[in-house]
Amino acid sequence: MALISLTLTGFNGVRDGMHRESIHLDFRALGGSPKLVAITGGNGRGKTTVLNNMIYYPVMPSQAGRDGLGAFSYYDEVYLPENHKVLVWEQNGTVFRQHLVIRLAGRRRTEAYLHIRHGSQWKPVRLPDGTVSDGKMDTYTRCIEHVAGSQTVFLTTCFSAQNRRSLSKYDNAEIKALFGDLLGLSEIRHLGTSAAETAKLLRTGLQPLRHQCQLRREEEAALTGECAALLDVSRREDWLRHSAGQAKMHLARAHSEHAALVAQASYDQQFQARRHELKADRDQIVARHRAAMEDYAQRQRAHASAYETIKRGIRQRKADRQRSRTALLQQQTILDELLNRRTLVLRAESALPRWQALVAARKELLAEHRTKAQRAATLDDTALHLQHRIAAIEHSAGKAVLRVNDLKRRCKLTEQVPCAGTDLPGRCTLLADARTAKPLIPSALEEVARLGTDRQDLEDQLADLRRQRDALGDPHTALARHADRLQRTEQRFRDTCALAARRRDVDAAETNRAIVVAQLSDLTAQSVREAAEDRTRLQELNNEAAALQRDRDNECKLLKQADERIQHALAALPAPFDQNRLAAAERQLSDAQEALNACEQTLQDAAVKAQLHADAGKRLGAIRLALLESENLAQRVEASCATWTTLAKALGNDGIIALSIEDAGPELTVLTNNLLMACYGPRFTVSLQTLVATAKGEMTDGFAIVVHDAESQQSKNLAKMSGGERVWINESLFRAMALFLARRSRTRSDTLFSDEADGAFDPEHKRMFMAMKRAVLDIGDYNQEFFISHTPELIEMADAVIDLDQYVLSISDESRVEHNPLATIDELVY
């Protein structure tokens, strides 16, 4: 791979780092085929964006995870509605062009084209299987991997992205996949995958076969049971014929018994009419007896109802008389109590004027004490206000005294300043201030005196107020005491008024009590009269009930005598024929006929089942033959599945690929150690182990990078090394893989790329790192390596430098960029 040109339009890194919308790099302008080309510039200048787009795979390795193999989207790296990447390179004498179109406007999509130059024209790449690069990402990926090889191998061996993982971080599956691609075993892995798919399809097809075998086994078992059941029925055919003969004999016997019973029933018909007549008479007697009993019962219910009505009236009148008597007695008790309080009512009526005068006197006394309490509250508020004014005057007096003292202090300075008696007093600020203070002292003293006078006047007023307040005593307590007395007096007055108001009730009580006594006497006489009437009515009802019971007893006696005469007449007749015997004979006849029919039907069914047994035997033989064929086919499929599974394992990561990795391990180890020896000296040597020990001490497939330190004579895993040592050895391993690929691969890149891989090295090891780069280029017959570095010493050791700082546009250059958006690499190379 020899880069020819690169054009980027709409990439965020170019816009943010160089303030450009587009950039065009013509790598032929480098001239002289430099081996090492450094890409430099300040942080954020877009170096990584340019380097990531110098490869023909549709990915920016430093922006994707997992060393460029993780998830990646160009939509996060561009900003224009339509963005372009055009990369032209030469490989094995053929010129190719990659053209990516990333659209953000509307529905986001990416188009990828791979063209090959024929003369002056570009034509889409067409693979031998007919695949054409038509703008779809999947067809582009197949075309570019056919032309340039595996993307995984390229990003692992030829491109060193930022923060690339160490080989010690790869798991066993990733290592095997990587070395499989590196050794060109992709086709074998594909065959292994195909074998695994074939085994999967066979296993999928085996399930229906097994299910079919199971269904046929179940059908065989069902037919076997059916044949066994039918065989038993066919063997019972002779016994069924004997049973049919016995059923015919039972039927003849049943016919004879039925005929005899029919004759007996005919003889009994001549006595049936007399029996029916006697039974009719008896039924009439029973009906008349029931009607009489119902009439007696109805009359008894009417009598009981009348009796209960009288008893209820007696109870109701007794309850009413009791309630009236109770009410009159209560009224008499109330009137007696009222008459007993006559003296109290008269006294209350005569005491009303005295209580009324006492209430008025105590109201006047309460008003006087309320006035004193209000006066005391007013004096307290005035005294508090005077105290606040005295405090304010004392505060102002303190300030005035301080001011007087300050003025006096300033005035004394006229005698103490050094310039006194010289020609400087006119210009001395301190002396001028002291002279200004002297005339202010009298007014300040007058202010202090005035405040003292005001304070004394207020204190005299406060003393006078306090004397007036002391003269009032405790008016609030006296006010509360007199208010309580007034409340008690008013309550006594209200009670006396209520008692005096009952004077009319007392006067009417005597008349009302005489009326109540008369009503009680009348109520007692009425009770005696009503009791006599009730006893008479009850006696009449009892006599009616006794007469009714006698009539009922006589009627029952007559009906009993008539029933006895009918029973004697029925007993004189012959016993009636039992129709149940005839019905039982008819049932026996029917049962015998049904038993004969059942035997004959069972005999016919036995013949049918014998034929079914023969048919089931034929079907059972066919099912057993089909089951044998299905089981043989399932065994053949299982054997094929095992064969294809073994082949898939042999062609997979744990088979030929694992053996090839073991074969390639020594060569890769030698290349790594040679690079370490040539560039870094004999301190470190590396060994690649494909068998690792488990926790139980058993050896199993795996991958481990063990580094031997000649200085400390210790060996340890690469992951246990320090940061700089780990980067150093890891870069040697990846460079050795690139050399290994250069020896074995036909479709390999002639150009290497690395992005700030020297960051962890000290200056001495950075120079050794550059030496290793040149050794790899020479040994592997690579054309170029583009690398990004911020180390001036390494940049000076490069054969050519692309400085992106010289490509940055200022604000004033924006108009020029609009007319000439593309710049060549001549502006950047020095």
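The following questions and answers walk through a predicted model of a protein.

Visitor: How many helices and strands does the protein have?
Guide: Of the 830 residues of the protein, 37% count as buried, and residues 24 or more positions apart account for 73% of its contacts with a separation of 6 or more. As for the elements themselves, the protein has 19 helices and 14 strands.

Visitor: In the open sheet of 6 strands, what is the strand order?
Guide: The pairing in this open sheet is antiparallel, and its edge strands, each pairing on one side only, are β2 (22–26) and β7 (121–124). Neighbouring strands are turned by 20° against each other on average, direction ignored. Read across the sheet, the order is β2-β1-β4-β5-β6-β7.

Visitor: Which residues stand opposite Leu 8 in β4 and in β2?
Guide: Strand β1 (residues 2–9) pairs in the antiparallel sense with strand β4 (residues 82–91) over 7 bridges, and 5 bridges join β1 to β2, again antiparallel. In the pairing with β4, Thr 7 has Val 86 as its bridge partner. For Leu 8, the residue opposite in β4 is Lys 85, and the residue opposite in β2 is Ile 23.

Visitor: Is β1 mostly covered or mostly uncovered, and how many of its residues are buried?
Guide: A residue counts as buried when its relative accessible area is under 20%. By that cut-off β1 is mostly covered, the number of buried residues among its 8 being 7.

Visitor: At about what angle to β6 does helix α3 run?
Guide: Helix α3 comprises residues 137–148 and lies across β4, β5 (94–103) and β6 (109–118). With respect to β6, the helix runs at about 40°.

Visitor: Which helix packs on the sheet of 5 strands, touching β3, β12 and β13?
Guide: This second open sheet has the order β8-β12-β13-β3-β14 with parallel pairing, and its edge strands are β8 (159–160) and β14 (800–803). Strand β3 (residues 36–40) is joined to β14 by 4 bridges, with Val 37 standing opposite Ala 800. The helix that packs on the sheet makes about 155° with the direction of β13 (784–788) and spans residues 763–779, and its name is α17.

Visitor: Are the rings of Tyr 57 and Phe 154 stacked, edge-to-face or tilted?
Guide: Tyr 57 lies in the loop between α2 and β4, and Phe 154 in helix α4 (residues 151–157), 97 residues apart, and both residues are buried. Planes under 30 degrees apart count as stacked and over 60 as edge-to-face. The ring centres are 5.1 Å apart and the planes lie at 50°, so the pair is tilted.

Visitor: What is the centre to centre distance between Tyr 56 and Trp 89?
Guide: Tyr 56 lies in the loop between α2 (47–52) and β4, while Trp 89 belongs to strand β4, 33 residues apart, and both are buried. Both also belong to one aromatic cluster, whose members include Phe 27, Phe 96 and Phe 753. The pair is tilted, with 40° between the planes, and the centre to centre distance is 4.8 Å.

Visitor: Is Cys 556 buried, partly exposed or exposed?
Guide: The count of disulfides in the model comes to 0, and Cys 158, at 3% relative accessibility, counts as buried. The cut-off for buried is under 20%, and for exposed over 50%. Because Cys 556 has 24% relative accessibility, this residue counts as partly exposed.

Methods. Residues are numbered from 1 along each chain as its sequence is written. This is a predicted model: local features need pLDDT of at least 70, side-chain atom pairs count only at pLDDT 80 or more; totals for chains, interfaces and linings use all residues. Side-chain values use heavy atoms; hydrogens and water are left out. Two strands pair if DSSP finds at least two bridges between them. Helices (H or I, at least four residues) and strands (E, at least two) are DSSP runs, numbered from the N terminus. Axes are lines fitted to C-alpha atoms, for helices over the stretch in contact, and angles run from 0 to 180 degrees between N-to-C directions. Contact means heavy atoms within 4.5 Å. Buried means under 20% relative accessible area, exposed over 50%, partly exposed in between (1.4 Å probe, protein chains only). A disulfide is a pair of cysteine sulfur atoms within 2.5 Å. Rings of Phe, Tyr and Trp (its six-membered ring) pair if their centres lie within 6.5 Å; planes under 30 degrees apart count as stacked, over 60 as edge-to-face and the rest as tilted.
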